[in-house]
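Open the model in your viewer and keep the sequence panel in reach. The stops below tell you what to select and what you will find there.

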Amino acid sequence: MRRKVAAGNWKMNGLKEALAEIEALKAINCKSCDVILCPPATLVSAMVTAAGDSGIIVGGQDCHWNETGAHTGDVSAEMLSDAGAGAVILGHSERRADHGETDAEVNSKTQAAWRAGLQSIVCVGETEMQRDDGETLVIIGGQLDGSTPEGATAENTIVAYEPVWAIGTGRTPTLDEVGEVHDYLRGKLVARFGEEIGNEMRLLYGGSVKPENAAEIFAVSNVDGGLVGGASLKAVDFASIVKAAS
Ligand code: PGA
């Protein structure tokens with residue numbers, strides 16, 4: 001039985017005043033799911049303090065593969081951990097598109113996350129053109145293989161399927177399409193990491209998850225929750241998504 005996950009990705013949104021949003025989430029205290037919130041790096045430490053003992057896990061949105069060094073503007077996994085983070089999103093399609101991140105780099109970053117004791121949320125997803133060309137499974141399969149290091153376990157890794165064309169667009173795949181991809185990813189995880197680990201690892205869906213569609217998406221087989229962008233910025237919306245994961 002896999003615990004569901006409601007993960008919020010604030011992307012490049014949120015000043016200190018936005019931390020007030022998490023007060024409403026603290027009240028939910030989901031016993032049957034994990035709530036992860038990934039604010040911009042500037043707010044990680046303050047959000048950890050604000051989250052207190054609520055059980056909300058605070059995460060980063062990226063990390064460098066090195067622990068320290070001459071990498072202006074980058075943040076290491078150890079720094080996120082030092083700030084109190086417990087997780088980090090890696091290989092989000094916006095990082096892959098905006099910064100040219102490759103599967104090999106995401107793989108290195110994932111190893112860095114584990115080194116620092118962070119749970120990695122590794123993202124994969126096809127573009128609209130790739131879906132139209134019937135390449136969805138080949139693309140996400142390749143990304144999963146390349147981005148996920150040997151040694152992945154249900155404790156150190158969560159995989160998020162996020163079709164690029166569904167992110168921030170209000171469009172979502174049909175439930176059958178979500179199920180097809182998640183079944184495929186589950187099969188690949190089992191084939192590579194074995195029955196136990198492959199079946200225990202959580203698989204999230206991301207891309208225009210909203211209070212209105214969260215419950216039906218989370219009910220699809222092999223969907224263990226969601227990675228939520230826009231709808232995680234407002235506590236009332238994210239709270240109903242957390243409830244859908246409960
Ligand atoms: P969205 O973003 O929920 O705003 O579509 C999801 C994501 O990019 O993680």
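The tour starts with the whole chain, moves to the cores, and then visits single residues.

**Whole chain**

Show everything as a cartoon; this is a predicted model. The protein has 11 helices and eight strands. Its radius of gyration is 16 Å, close to the 18 Å given by the globule rule for 246 residues, so the protein is as compact as a globular protein of that length. If you draw the principal axes, the C-alpha trace spans about 45 × 45 × 35 Å along them.

Now turn on contacts. Of those between residues at least 6 apart in sequence, 74% join residues at least 24 apart. Switch to a surface: about 10600 Å² is exposed, and carbon and sulfur atoms supply 52% of that area. Buried residues account for 51% of the 246 residues. Colour by charge next. There are 20 positive and 35 negative charges, and the mean positions of the two sets are 5 Å apart.

**The cores**

In soluble globular proteins, nonpolar side chains tend to be buried together. Which residues have the most contacts inside the largest nonpolar core? Select Leu-37, Leu-118, Leu-185, Tyr-205, Phe-218, Phe-238 and Ile-241 to see them; the core as a whole has 60 residues. Then select helix α11, residues 235-245, which gives this core its largest share, six residues. A second, separate core has 12 residues, including Val-5, Ile-36, Ala-87 and Leu-227.

Go back to Leu-37 and show what surrounds it. Residues up to four places away in sequence aside, Leu-37 touches Gly-8, Trp-10, Ile-22, Leu-25, Met-47, Ile-56, Ile-57, Val-58, Gly-59 and Phe-238.

**Gly-60**

Select strand β3, residues 57-60, and pick Gly-60 in it. Gly-60 counts as buried because its relative accessibility is 2%, and the cut-off for buried is under 20%. Beyond its neighbours within four places in sequence, Gly-60 is in contact with Cys-38, Leu-80, Ala-85, Ala-87, Val-88 and Ile-89. One of these, Ala-87, belongs to the second core. For a distance check, draw a line from Gly-60 to Trp-10: they are 50 residues apart in sequence and 9.8 Å apart in space, C-alpha to C-alpha.

**Two positive phi angles**

Most residues other than glycine have a negative phi. Select Lys-11, in the loop between β1 (4-9) and α1 (21-26). Its phi is near 55°, a positive value in a residue other than glycine. Then select Asn-222, in the loop between α10 (214-218) and β8 (225-228). Asn-222 is not a glycine either, and its phi is positive at about 70°.

**From Asn-222 to Arg-186**

Stay at Asn-222 and show its surroundings. Is Asn-222 buried or exposed? With a relative accessible area of 16%, Asn-222 is buried. Neighbours within four places in sequence aside, the contacts of Asn-222 are Arg-2, His-182, Asp-183, Arg-186 and Leu-203.

Follow the contact to Arg-186, which lies in helix α8, residues 175-193. Arg-186 has 5% relative accessibility and therefore counts as buried. With residues up to four places away left out, Arg-186 touches Arg-2, Gly-198, Asn-199, Met-201, Leu-203, Asn-222 and Asp-224. Arg-2 and Leu-203 thus appear among the contacts of Asn-222 and of Arg-186. To cross the model, measure from Arg-186 to Ile-22: the separation is 164 residues in sequence and 32 Å in space, C-alpha to C-alpha.

**Asn-156**

Next, select Asn-156, in the loop between α7 (136-147) and β6 (157-161). Asn-156 counts as buried, at 16% relative accessibility. What does Asn-156 touch, not counting residues up to four places away in sequence? The list is Trp-114, Leu-118, Gln-119, Ser-120 and Gly-151. Leu-118 is one of the residues with the most contacts inside the largest core. Asn-107 is 49 residues from Asn-156 in sequence, and their C-alpha atoms are 13 Å apart.

**Asn-29**

End at Asn-29, in the loop between α1 and β2 (33-38). Asn-29 counts as partly exposed, with 40% relative accessibility. A last line from Asn-29 to Pro-163 joins residues 134 apart in sequence and 30 Å apart in space, C-alpha to C-alpha.

Terms used:
Residues numbered from 1 in each chain as written. Predicted model: local features only at pLDDT ≥ 70, side-chain atom pairs only at ≥ 80, totals over all residues. Heavy atoms only, no water. Core = buried A, V, L, I, M, F, W, Y, C linked by side-chain atoms within 4.5 Å. Buried < 20%, exposed > 50% of the residue type's maximum accessible area, 1.4 Å probe, protein only. Helix = DSSP H or I, 4+ residues; strand = E, 2+ residues; numbered from the N terminus. Contact = heavy atoms within 4.5 Å. Rg over C-alpha atoms; globule rule 2.2 N^0.38 Å. Areas by Shrake-Rupley, 256 points an atom, 1.4 Å probe, with all protein chains shown as cover. Lys, Arg positive; Asp, Glu negative; His and termini not counted. Charge placed at Lys NZ, Arg CZ, Asp CG, Glu CD.
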